[in-house]
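Colleague: Could you take me on a close look at the inside of this one? I'd like to know what is tucked away and what touches what.

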Amino acid sequence: MRNLLARRAATFLSSRSGSVSVSQQCRTRINLPQSSLGTKSCMSSEAKPEPQFVPITFVDTTGEEIEVQAQVGKHLLDVAQDNDIELEGACGGECACATCHLVFDPDVYDTLPDKIDEEDDMLDLAFELTDTSRLGCQITVREDFAGIRIRVPDDGY
């Protein structure tokens, strides 16, 4: 069976006009002869970049400041939940509620992407709504967020 698979793999790959090649590591795994194919690795030799993190401070309803390391590219709702910050996100981050309402400093708020209509509609339901309110499920962490403070308003319960 192994030889049959190896022959089929060799036939398939050689029919690809050299556009696909298999490394020694792959040849060994499927028992292909050394000379059967090219030398380019089938295993990615490129290391995945390490995720970047920036410090962000959440200010809870009691005024306590909690600094966390937030992964660049993650939604603030996920960052808060990953760090046990009390931010509900009842809709699972689908912009269908206001339970991940956050309040930003004006200088940070001005750098955020424009709100979509659905976010504006959901914010109308939020407690302690301000001119700098946004939903955490709609904001992704950026490198320039390093050092920002975000207030988690009282949810009314």
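**A look inside**

Modeller: Let's start with Cys-91, which counts as partly exposed at 22% relative accessibility; buried means under 20% relative accessible area, exposed over 50%, and partly exposed in between (1.4 Å probe, protein chains only). Keep in mind that this is a predicted model, where local features need pLDDT of at least 70 and side-chain atom pairs count only at pLDDT 80 or more, while totals for chains, interfaces and linings use all residues. Residues are numbered from 1 along each chain as its sequence is written, and side-chain values use heavy atoms, leaving out hydrogens and water.

The cysteine sulfur closest to that of Cys-91 belongs to Cys-97, 3.6 Å away, which is too far for a bond, since a disulfide here is a pair of cysteine sulfur atoms within 2.5 Å. Cys-97 itself is buried, at 13% relative accessibility. By this rule the disulfide count is zero.

Now the core, meaning a set of buried Ala, Val, Leu, Ile, Met, Phe, Trp, Tyr and Cys residues joined through side-chain atoms within 4.5 Å. The largest one has 30 residues, and Ile-56, Phe-58, Leu-76, Phe-104 and Phe-145 touch the most other members. Among the elements giving two or more residues to this core are β1 (53-59), β2 (65-71) and α3 (76-82); they are DSSP runs numbered from the N terminus, with helices (H or I) of at least four residues and strands (E) of at least two. The largest share, four residues, comes from α3.

Strand β1 is worth a pause: five of its seven residues are buried, so the rest of the structure largely encloses it. It pairs with β2 in the antiparallel sense over seven bridges (strands pair if DSSP finds at least two bridges between them). Those two strands make a hairpin with five residues between them, and Gly-63 in the turn has a positive phi of about 95°. On β1 there is also a parallel partner, β5 (residues 149-151), joined by three bridges, with Ile-150 as the bridge partner of Phe-58.

Last stop, Arg-134: this residue sits in strand β4 (residues 133-135) and is buried, with a relative accessible area of 3%. A polar atom of the Arg-134 side chain lies 2.6 Å from the backbone oxygen of Pro-113. Setting aside neighbours within four places in sequence, Arg-134 is in contact (heavy atoms within 4.5 Å) with residues including Phe-104, Tyr-109, Asp-114 and Glu-119.

Note on methods
A polar contact is a pair of N or O atoms within 3.5 Å; within protein, one must be able to donate a hydrogen and the other to accept it, and residues adjacent in sequence count only if both atoms are side-chain atoms.
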